[in-house]
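The report that follows describes a single protein chain for a reader at the bench. Please keep the sequence and the model in view while reading.

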Amino acid sequence: MRLEVNRLRNVAKKYQISKNTLWNKLHGKHERMSGKPRVFTEQEEESFAGHLITLPAFGFPVTSELWKLSSSPDWVNLFLLRRPELSQRFYQNISHSRAATDEETSNHYFDNLQTEVEGVPQANIWNYDETNRVDDPVRSKVITRKGTKYPEKIRNSSKACTFLMVCENAEGWLAPVYVNYTSQKFWSTWTGDGPLNTRYN
């Protein structure tokens with residue numbers, strides 16, 4: 001007993017910690033977590049985390065701004081610190097039709113494609129892709145599973161977009177890029193500094 005007290009005294013002196021604090025910790029008298037008590041139980045927070053992971057899979061992620069409407073604006077950050085499986089990411093908007101494409105539909109498409117291109121020279125097989133850059137810079141962060149790179153949110157409308165149309169054949173030859181602005185007016189300054197032979201409209 002005396003030896004334990006002497007060790008506690010030495011440790012307390014070395015690390016500048018109260019002897020009573022060390023004594024209570026060693027004898028299990030400090031069972032509660034440090035800091036303010038939790039608003040929700042561990043089971044409730046487990047349920048929250050499960051929903052935050054599941055909802056983005058259906059295209060409806062939860063934004064951190066919504067959670068900040070709670071009485072404690074720092075609650076989201078503290079909650080995420082306790083949940084290493086969660087993180088915040090900027091989401092990407094996708095349409096309902098694109099979100100409805102599942103694995104079976106994709107497999108069916110490629111099975112058909114393999115049949116259709118059989119015997120066709122590679123130079124005659126072209127892949128056309130259209131992508132867009134959204135003019136709306138305002139995006140919210142959402143809470144999702146840690147490691148998710150591109151969380152998506154299903155929406156029926158978005159801000160004006162600039163469409164980039166790219167076409168390449170199976171031999172690797174790239175056709176000139178086609179840029180289409182969704183605007184009633186077309187300015188000559190919009191046609192500069194693009195890739196060689198780019199077409200604008």
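## Terms and basis

Contact is used here for heavy atoms within 4.5 Å. This is a predicted model, in which local features need pLDDT of at least 70 and side-chain atom pairs count only at pLDDT 80 or more, while totals for chains, interfaces and linings use all residues. Residues are numbered from 1 along each chain as its sequence is written, and side-chain values use heavy atoms, with hydrogens and water left out.

## The chain as a whole

The chain has 7 helices and 9 strands, where helices (H or I, at least four residues) and strands (E, at least two) are DSSP runs numbered from the N terminus. Of its 201 residues, 18% are buried; buried means under 20% relative accessible area, exposed over 50%, and partly exposed in between, with a 1.4 Å probe and protein chains only.

Among contacts with a separation of 6 or more, 64% are between residues 24 or more positions apart. The exposed area of the chain is about 16,100 Å², of which carbon and sulfur atoms supply 52%; accessible areas come from the Shrake-Rupley method with a 1.4 Å probe, and for residues only the protein chains shown count as cover.

## Strand pairing

Two strands pair if DSSP finds at least two bridges between them. An open sheet of 3 strands follows the order S1-S5-S2 with antiparallel pairing, and its edge strands, S1 (62-63) and S2 (86-90), each pair on one side only. Strand S5 (residues 141-145) is joined to S1 in the antiparallel sense over 2 bridges, with Val62 opposite Ile143 of S5. In strand S2, Gln88 is partly exposed at 22% relative accessibility, and the C-alpha atoms of Gln88 and Lys141 are 5.9 Å apart although the two residues are 53 apart in sequence.

Strand S7 (residues 161-169) and S8 run antiparallel and are joined by 4 bridges, and Met165 stands opposite Tyr178 in S8. By contrast, S8 and S9 pair in the parallel sense over 2 bridges, where Val179 has Tyr200 in S9 as its bridge partner.

## Surroundings of Tyr181

Tyr181 belongs to strand S8 (residues 178-181). With residues up to four places away in sequence left out, Tyr181 touches Thr162, Phe186, Trp190, Tyr200 and Asn201. A polar atom of the Tyr181 side chain lies 2.7 Å from the backbone oxygen of Trp190, and the C-alpha atoms of Tyr181 and Phe163, 18 residues apart along the chain, are separated by 6.4 Å.

## Salt bridges around Glu45

The structure holds 5 salt bridges, each defined as a side-chain nitrogen of Lys or Arg within 4 Å of a carboxyl oxygen of Asp or Glu. A network of salt bridges links Glu42, Glu45, Glu46, Arg82, Arg83 and Glu85. Arg83 meets Glu42 at 3.1 Å, N to O, and this pair links distant parts of the chain, with Arg83 in the loop between helix H5 (75-81) and S2 and Glu42 in helix H3, 41 residues apart.

Glu45, in helix H3 (residues 42-54), is buried with a relative accessible area of 0%. Leaving aside neighbours within four places in sequence, Glu45 is in contact with Arg38, Phe40, Trp75, Phe79, Arg82 and Arg83. The side chains of Glu45 and Arg82 form a salt bridge of 2.6 Å, N to O. Because Glu45 lies in helix H3 and Arg82 in the loop between H5 and S2, this pair ties together parts that are 37 residues apart in sequence. Arg82 is partly exposed at 30%, whereas Arg83 is buried at 5%. Glu45 also meets Arg83 in a salt bridge of 3.9 Å, N to O.

## The loop after helix H1

Gln16 is found in the loop between helix H1 (2-15) and helix H2 (19-26), where its phi is near 55°, a positive value in a residue other than glycine. Gln16 is exposed, with a relative accessible area of 75%, while Ile17, in the loop between H1 and H2, is partly exposed at 35%. Elsewhere, Asn197, in the loop between S8 and strand S9 (199-200), likewise has a positive phi, of about 65°, although it is not a glycine.

Note on methods: Polar contact = N/O pair within 3.5 Å; in protein donor to acceptor, adjacent residues only side chain to side chain.
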